[in-house]
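The following exercises are to be worked with the sequence and the coordinates at hand. Each task is followed by a solution in steps.

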Amino acid sequence: MATTRIGLDRLPPAAHTAVEEHTGPLLTVEETTEGFNSEIAARVTSATGTWHIKGLRTDHPRAWTQRREAVIAPFLTDLAPALRWRVETAGWDLLGFEALDGHHADYTPGSPDLPEVATLLRRLSETPCPSIELRHAEQRLEHYAAHPDDLRYFAGTHLLHTDLNNANVLVDADAPRCNRARLVDWAWATRGAAWLDAGYWIIWLIAADHTPASAEHWAAEIPSWHTAPAEGLTAFAAANANLWSKINTADPNPWTLRLATAATTWHTHRRTS
């Protein structure tokens, strides 16, 4: 479920002052609507720079997402916007990220963003997983796998993002080719098999009108995809079909239905191809 968004102007004065100790007096505040986890989400500018601020109350049930993003940020060079500062005061946890230019990735067939996203996921699959506390993929999927033995396919030691929503990928068309895309929102970072993010991407590609075969073609652009056993891919597709079906049942809306349909379509393809 989405977290209720509030404006930056509703922060306690002490928290607002703490932010401006890093930024200087704010000149503009542009509230953003993307994302589900943050209570505060805004692009702010001052005389010294521009930042994207994410924030949650420290007693919020999802406060752990802020901590996760703060801890993992130093390990994400060339993958994600840099974390410039963190404020924890007056009951709030606020993260100030480098503000990136660009647009949300277009996943539709023929989009020029697709090669950039594939290159980004290739870089991610080659990034060492830091020695920090992360959930394991087999733990996250244990209630959705068709068979308990399937969980072994998902285990691994690689760093994963796991939320390949196109809104979490920013593409700067003015940056050098093959280095235009960045991943935001690392709250669900996970440790697991190297090929899983390519699998998560497939579901979003199908939701963007790719056929399962076309989506798997793009996944195959990521070398780690070729390390996955065929049975593991089918098991992963089954687990995600179950996961998105449950999400859509709990919170039925066009967005969750679209993802549930995509996940089921991929699972059907895996079973019948």
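**Exercise 1.** Which residues does His210 touch, not counting residues up to four places away in sequence?

*Solution.* Two conventions come first. This is a predicted model, in which local features need pLDDT of at least 70 and side-chain atom pairs count only at pLDDT 80 or more, while totals for chains, interfaces and linings use all residues. Residues are numbered from 1 along each chain as its sequence is written, and side-chain values use heavy atoms, with hydrogens and water left out.

Step 1. Locate the residue: His210 is found in the loop between H5 and helix H6 (212–219). Helices (H or I, at least four residues) and strands (E, at least two) are DSSP runs, numbered from the N terminus.

Step 2. Apply the contact criterion, heavy atoms within 4.5 Å. With residues up to four places away in sequence left out, His210 touches Tyr107, Thr108, Pro109, Leu114, Leu205, Ala215 and Trp218.

Step 3. Examine accessibility. Buried means under 20% relative accessible area, exposed over 50%, and partly exposed in between (1.4 Å probe, protein chains only). His210 counts as buried because its relative accessibility is 5%.

Step 4. Look for a polar partner: the side chain of His210 reaches the backbone oxygen of Tyr107 at 2.7 Å. A polar contact is a pair of N or O atoms within 3.5 Å; within protein, one must be able to donate a hydrogen and the other to accept it, and residues adjacent in sequence count only if both atoms are side-chain atoms.

**Exercise 2.** Is Glu216 buried or exposed, and which residues does Glu216 touch?

*Solution.* Step 1. Glu216 has its place in helix H6.

Step 2. Its relative accessible area is 15%, so Glu216 is buried.

Step 3. Not counting residues up to four places away in sequence, the contacts of Glu216 are Ile202, Trp225, Trp266, His269 and Arg270.

**Exercise 3.** Trace the antiparallel pairings that involve S2, S3, S4 and S5.

*Solution.* Step 1. Two strands pair if DSSP finds at least two bridges between them. Strand S2 (residues 40–46) and strand S3 (residues 49–57) satisfy this with 7 bridges, in the antiparallel sense. A hairpin through 2 residues joins S2 to S3, and Ala42 has Ile53 of S3 as its bridge partner.

Step 2. S3 also pairs with strand S5 (residues 92–98), antiparallel and over 7 bridges. Here the bridge partner of Leu56 is Asp93 in S5.

Step 3. S4 is joined to S5 by 6 bridges, and the two run antiparallel. Leu83 stands opposite Phe97 in S5. In the hairpin of S4 and S5, with 2 residues between the strands, Ala90 takes a positive phi near 55 degrees.

**Exercise 4.** Where do the buried residues of H1 fall when seen down the axis of H1?

*Solution.* Step 1. In helix H1 (residues 13–23), the residues Ala15, Ala18, Val19 and Thr23 are buried.

Step 2. Seen down the axis, these buried residues fall within an arc of 135 degrees, so they line one face of H1. The arc is that of the directions from the helix axis to the C-beta atoms.

Step 3. On the other side of H1, Pro13 and Glu21 are exposed.

Step 4. The buried residues of H1 pack against strand S1 (26–31), S2, S3, strand S4 (83–89) and S5. Just after H1, Gly24 takes a positive phi of about 85 degrees.

**Exercise 5.** Compare the expected span of H7 with its end-to-end distance, then describe its packing.

*Solution.* Step 1. The expected span of a helix is 1.5 Å times one less than its number of residues. Helix H7 (residues 230–250) has 21 residues and should therefore span 30 Å; its end C-alpha atoms are 31 Å apart, which agrees.

Step 2. The buried residues of H7, among them Leu233, Phe236, Leu243 and Trp244, pack against helix H5 (196–207) and helix H8 (254–272).

Step 3. In the loop between H7 and H8 lies Pro252, which counts as exposed because its relative accessibility is 59%.

**Exercise 6.** How many disulfides does a search of the whole structure find?

*Solution.* Step 1. A disulfide is a pair of cysteine sulfur atoms within 2.5 Å. The search finds 0 disulfides.

Step 2. Cys129 counts as buried at 19% relative accessibility, whereas Cys178 counts as partly exposed at 48%.
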